[in-house]
Amino acid sequence: MIDVLIIGAGVVGASIARELSRYKLSIAVLEKEEEPAFGVSKSNSGIIHPGTQNPAGSLKGRLCLEGNTLIRRISGELGLDFKEVGELIVAFTEDEIQRLLTIKSEAETLGVPELKMVDKAWLRANEPNLNPEVIAALYAPGAGVISPYRLVYALCENALKNGVKFYTQTRVENIIFTNPGFEIQTLKGVFKARYVINAAGLYADEISAMVGVNDFRIRPRKGQEFILDKKKENLTNHLIFPLPSKVSKGILVIKTADGNPMIGPSAEEVEDKEDSSTTEEGLKKVFEGAKKLVPSISQDDIIAYFSGLRLAAALAIGSQTTALWPAGDDFIIRYEDKAPGFINVAGIQSPGLTAAPAIAKMVCGILEEKGLGLEKKEDFICEREKPIHLFNIPLSETEELIKKNASYGDIVCRCEMVSAKEVEDAISAGARTMDGIKFRTRAQSGRCHGSFCTTRLMKILSEETKTPLTAITKRGKGSEIVKGERTID
Ligand SMILES: Cc1cc2nc3c(=O)[nH]c(=O)nc-3n(C[C@H](O)[C@H](O)[C@H](O)COP(=O)(O)OP(=O)(O)OC[C@H]3O[C@@H](n4cnc5c(N)ncnc54)[C@H](O)[C@@H]3O)c2cc1C
């Protein structure tokens, strides 16, 4: 019997797995997709929020603040490139300044440090491309950016090194409460576990209902985002936010960890949990919102787009048969007395990426309180070797690397300067799909969208994993790239 079984290998499941791997426990992670980080954790803004836009008494506010601190330590341990860039929430009118002051005071109550109001002169000097009609801003220097998928991969790799077992392409179909413990049924067989952690993102409500707890629904809220060319890297020096609305932080101009500015996200209620479409209308809305903040943004600079679904939870009011489902504002992290041993970690909308390490600690605390012995391993491996990315090291270092291994000089993706060696390393670290390679290395992320490198990447993946080219997929079964071998007489 497994001690702890985690459902979902997004940033939340991966953070919990890594945190639990410090202890003498048997741990398994079940993930329905071909690779970790293929759920919501791959399609977000990558911002490590400082905690400025959460109610002072909220769980997500507390965990965001704690996560913002923890992520810095984790980035150091796991060789990730967290960058503290700071955020500016801007005001165009005197009334908006009053709202900023309220946000500031609430954030200070929560404990967000070093907040200050900055005026027009400060903004002109430090953010020259900002709309000159902005009259003031709330500056939070502790906001940062990170590559969201590389964070998940680093957490998974480290957890794996510390003994966690990962089962991908393993969708949980049903859970039987065996009191004590659970039988988790998947198409790949049955797993038995003492404790189950539901970190299934968009499907957390369906997983929870399997053990008879169905007092919440996950209502996806779509966010479309548009990525700009790296040549606009210095468009802004900070993350730029408008004043938040009731449902979202608004349309932002984002400085990403990899250098491409990004604009978005939109906020649209949708029914379909698999709706990842982007639309002309979404682009129009996002573009208008972003241009209001930074007027020089041009549509010609957009090189790619995606949409992600926020995991907004709705909580039942009344009996479950006649329930109304008003929007819930906070994370749902709780031990379910109805199914002892089952913990829901649901409704993890923004700032879930930021809060994930703190969520993991909270879940460990709940497990310990509920009887799971947490005995520390002496041989826990805390660190992970920093993967090499030519795009973020100086040329002199690249030259040294090429002297040691010529594969570093074999550039596969010219837009993003990714070498064959980096692709091979990504495959040894677990990449099995073209998206898995892209998220780990950035190959195919540039202006040409992989027109130059796709065939070469497929060939490397095919050779390294001994998979026929016809079975290579973009992101798992059903997304095969070529239909059949072409024979030439
Ligand atoms: C547009 C957008 C922008 C955002 N920006 C930010 C930001 O800048 N900063 C921030 O802090 N947060 C941000 N967020 C929020 C953040 O992305 C999420 O809070 C976080 O990714 C949630 O992670 P998760 O692990 O709970 O979910 P997921 O990443 O979705 O992971 C859940 C996993 O469970 C798997 N799963 C589901 N069902 C099953 C099953 N039956 N069996 C097995 N596996 C299953 C899924 O395949 C998935 O991999 C943003 C969100 C969106 C949509």
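These legends go with a set of close-up views of a predicted model.

**View 1. The whole chain, before zooming in.**
We start with the full fold, which has twelve helices and 22 strands. Along the principal axes, the C-alpha trace spans about 70 × 65 × 45 Å. A compact globule of 489 residues would have a radius of gyration near 23 Å, and the chain, at 23 Å, agrees with that. Buried residues account for 57% of the 489. If you take contacts between residues at least 6 apart in sequence, 72% of them join residues at least 24 apart. The accessible surface adds up to about 21500 Å², with 51% of it belonging to carbon and sulfur atoms.

**View 2. The ligand and its polar contacts with the backbone.**
Here we look at backbone atoms facing the ligand. A polar backbone atom of Ser45 sits 3.1 Å from a nitrogen atom of the ligand. At Gly46, a polar backbone atom is 3.5 Å from a ligand oxygen. Leu353 also takes part, with a polar backbone atom 3.1 Å from an oxygen atom of the ligand. On its own the ligand would expose 1000 Å², and the protein buries 97% of that.

**View 3. The shell around the ligand.**
There are 41 residues around the ligand, and Glu31, Ser41, Ile47, Ile348 and Thr354 come nearest. Sorted by class, the shell holds 18 nonpolar, 17 polar and six charged residues. Which elements each supply at least two residues of this shell? They are helix 1 (11-20), strand 13 (216-228), strand 18 (302-315) and helix 8 (352-369). Strand 18 gives the largest share, four residues.

**View 4. Tyr408, tucked into a loop.**
Look for Tyr408 in the loop between helix 9 (395-404) and strand 21 (411-413). Is this tyrosine, Tyr408, buried or exposed? Its relative accessibility is 6%, so Tyr408 counts as buried. Leaving aside residues up to four places away in sequence, Tyr408 touches Ile388, Leu390, Leu401, Ile402, Ser419, Lys421, Glu422 and Asp425. For a sense of scale, the C-alpha atoms of Tyr408 and Lys188 are separated by 39 Å, with the two positions 220 residues apart along the chain.

**View 5. Two cis peptide bonds leading into prolines.**
The peptide bond from Asn179 to Pro180 is cis, with omega near 5°. Pro180 itself belongs to the loop between strand 10 (172-177) and strand 11 (182-186). Another cis bond joins Gly264 and Pro265, where omega is about -5°. For Pro265, the place to look is the loop between strand 16 (261-264) and strand 17 (268-269).

**View 6. Positive phi at Gln169.**
Gln169 isn't a glycine, yet its phi is positive, at about 50°. You'll find Gln169 in the loop between strand 9 (165-167) and strand 10. With a relative accessible area of 36%, Gln169 is partly exposed.

**View 7. Positive phi at Lys466.**
Lys466 has a phi near 50°, a positive value in a residue other than glycine. Where is Lys466 placed? Look in the segment after helix 12 (454-465). Lys466 counts as exposed because its relative accessibility is 73%, over the 50% cut-off.

How values were computed: Residues numbered from 1 in each chain as written. Predicted model: local features only at pLDDT ≥ 70, side-chain atom pairs only at ≥ 80, totals over all residues. Heavy atoms only, no water. Near = heavy atom within 4 Å. Polar contact = N/O pair within 3.5 Å; in protein donor to acceptor, adjacent residues only side chain to side chain. Areas by Shrake-Rupley, 256 points an atom, 1.4 Å probe, with all protein chains shown as cover. Nonpolar A, V, L, I, M, F, W, Y, C, P; charged D, E, K, R; others polar. Rg over C-alpha atoms; globule rule 2.2 N^0.38 Å. Buried < 20%, exposed > 50% of the residue type's maximum accessible area, 1.4 Å probe, protein only. Contact = heavy atoms within 4.5 Å.
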